[in-house]
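Please open the model in a viewer and keep the sequence panel visible. The tour below proceeds by selection, with a note at each stop on what is to be found there.

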Amino acid sequence: MKGLKKAAVFGIAAAIVCGTGLLSACRKNGDGILGELSDSEWEKYLDIDVEKCKSITVDLTLYFTYPKEEAAKYGEWQYERHLYKIDLENEIMYKLDEEEGFEKSSGNFVKDTDEKYYFAYQDQYYEWSNGKVYETTKAEFIMETESVANAALQIRQYKDPKSKESFRYNEETGCYDLTQYGTAGTSLRFSEDGSVTMIARGSSITGGEIAISAVDKTKVEIPENVKGDVDIYIAQKGSEK
């Protein structure tokens, strides 16, 4: 986030990507949350083979667990969301970054939003970011998409039904909880639409979630204004030759 010191909450991102368990912060979000699963259902929901899927949506959020209104009391507060919609078959990725943080020196909250598209177009790969166009490569596209896919893939580590024995089903929250050490643990939430969410907390005040959904059902379309910006970029580059 521009102008803001990265808070301790961002250590969660690395922990989630590396598969380190954190404290459960699971809660019901209304209808659509499944109850207890059979062993076969457990394996079915967690057997997400990212390497073979044609498309996927990954939603990562990082946050402080205390209310935003108490930012001044604690001295810091931050929230991040990173949404990825990946169409591997058509080589398109959409990325949305939303950040908000408390600036202690001014007592204000600062927000940043960044939208990006990575895609193949007319035998070239491009990155579009808030109206700016950059040339990229197929290799960079693969690395961008695989870094996200690999982060999501770690949920699959629990797919063996034997792993289910280590979790405790929480009827109140509708989640499976795995307490690992001190204030650290992991929770899994399963939804009727086939999505799976891993909920975590790095301490008593920091948390994070990573959700995988719409496997082989994610659709990403490049907006006309994005294509228009790329066309202008190509035309200007051609005129410079």
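Helices, of at least four residues, and strands, of at least two, are DSSP runs numbered from the N terminus. With that numbering, Thr218 can be placed in the loop between strand 11 and helix 5 (224-239). The model is a predicted one.

**The whole chain**

Begin with the entire protein, coloured by secondary structure. Five helices and 11 strands make up its secondary structure. Of the 241 residues, 47% are buried. Among contacts with a separation of 6 or more, 62% join residues that are 24 or more positions apart.

Next, colour by confidence. The mean pLDDT is 84, and 84% of the residues reach 70 or more. Then select residues 2-25, where the pLDDT is below 50; beyond near neighbours in sequence, this stretch has 75 contacts in the model.

**The nonpolar cores**

Select Trp42, Leu46, Tyr158, Leu188 and Phe190 and display their side chains. These residues touch the most other members of the largest nonpolar core, which has 31 residues. Which elements each supply at least two residues of this core? Two of the contributors are helices 2 and 4 (138-153), and the strands are strand 1 (55-64), strand 2 (78-87), strand 8 (175-181), strand 9 (184-190), strand 10 (196-201) and strand 11. Another core, of 14 residues, lies apart from the largest one; Ile92, Tyr121, Trp128 and Val230 are among its members.

**The largest pocket**

Select Ile48, Asp193, Gly194, Ser195 and Val215. Of the 14 residues that line the largest pocket, these lie nearest its centre. Helix 2 (39-46) and strand 11 (206-213) are the elements that give two or more residues to this lining. The volume of the pocket is about 280 Å³. How many residues of the lining are nonpolar, polar and charged? Five are nonpolar, three are polar and six are charged.

**The loop between strand 11 and helix 5**

Move to Ala214, which is found in the loop between strand 11 and helix 5. Its phi is near 50°, a positive value in a residue other than glycine. Is Ala214 buried or exposed? Ala214 is partly exposed, because its relative accessible area of 30% falls between the limits of 20% and 50%.

Thr218 lies in this loop between strand 11 and helix 5 as well. Thr218 counts as buried because its relative accessible area is 7%, which is under the 20% limit. Display its surroundings: leaving out residues up to four places away in sequence, Thr218 touches Ser55, Ile56, Thr57, Lys85, Ile86 and Ser213. Draw a distance from Thr218 to Ile86; the C-alpha atoms are 7.0 Å apart in space, while the two residues are 132 apart in sequence.

**Strand 3**

Select strand 3 (residues 92-103), in which Glu103 lies. Glu103 is partly exposed, with a relative accessible area of 23%. A distance drawn between the C-alpha atoms of Glu103 and Ala72 gives 9.1 Å, for residues 31 apart along the chain.

Asp97 is also found in strand 3. Is Asp97 buried or exposed? At 9% relative accessibility, Asp97 counts as buried. Apart from residues up to four places away in sequence, Asp97 touches Arg81, His82, Asp112, Thr113 and Asp114. The C-alpha atoms of Asp97 and Thr61 are separated by 9.9 Å, with these positions 36 residues apart along the chain.

**Two further loops**

Select Thr65, in the loop between strand 1 and helix 3 (71-74). Thr65 is partly exposed, at 32% relative accessibility. Which residues does Thr65 touch, not counting those up to four places away in sequence? They are Arg201, Ser204, Ile205, Thr206 and Gly207. Thr65 and Trp77 are 12 residues apart in sequence, and their C-alpha atoms are 9.0 Å apart in space.

Finish at Asn130, in the loop between strand 5 (124-129) and strand 6 (132-136). Asn130 has a positive phi of about 50°, although it is not a glycine. Its relative accessible area is 45%, and Asn130 is therefore partly exposed.

Notes. Residues numbered from 1 in each chain as written. Predicted model: local features only at pLDDT ≥ 70, side-chain atom pairs only at ≥ 80, totals over all residues. Heavy atoms only, no water. 1 Å grid on protein atoms, 1.4 Å probe; cavity = no way out; pocket = protein on both sides within 12 Å on 5 of 7 lines; lining within 4 Å. Points joined across faces, edges and corners; volume = space filled by probe spheres on them. Nonpolar A, V, L, I, M, F, W, Y, C, P; charged D, E, K, R; others polar. Core = buried A, V, L, I, M, F, W, Y, C linked by side-chain atoms within 4.5 Å. Buried < 20%, exposed > 50% of the residue type's maximum accessible area, 1.4 Å probe, protein only. pLDDT = per-residue confidence, 0-100. Contact = heavy atoms within 4.5 Å.
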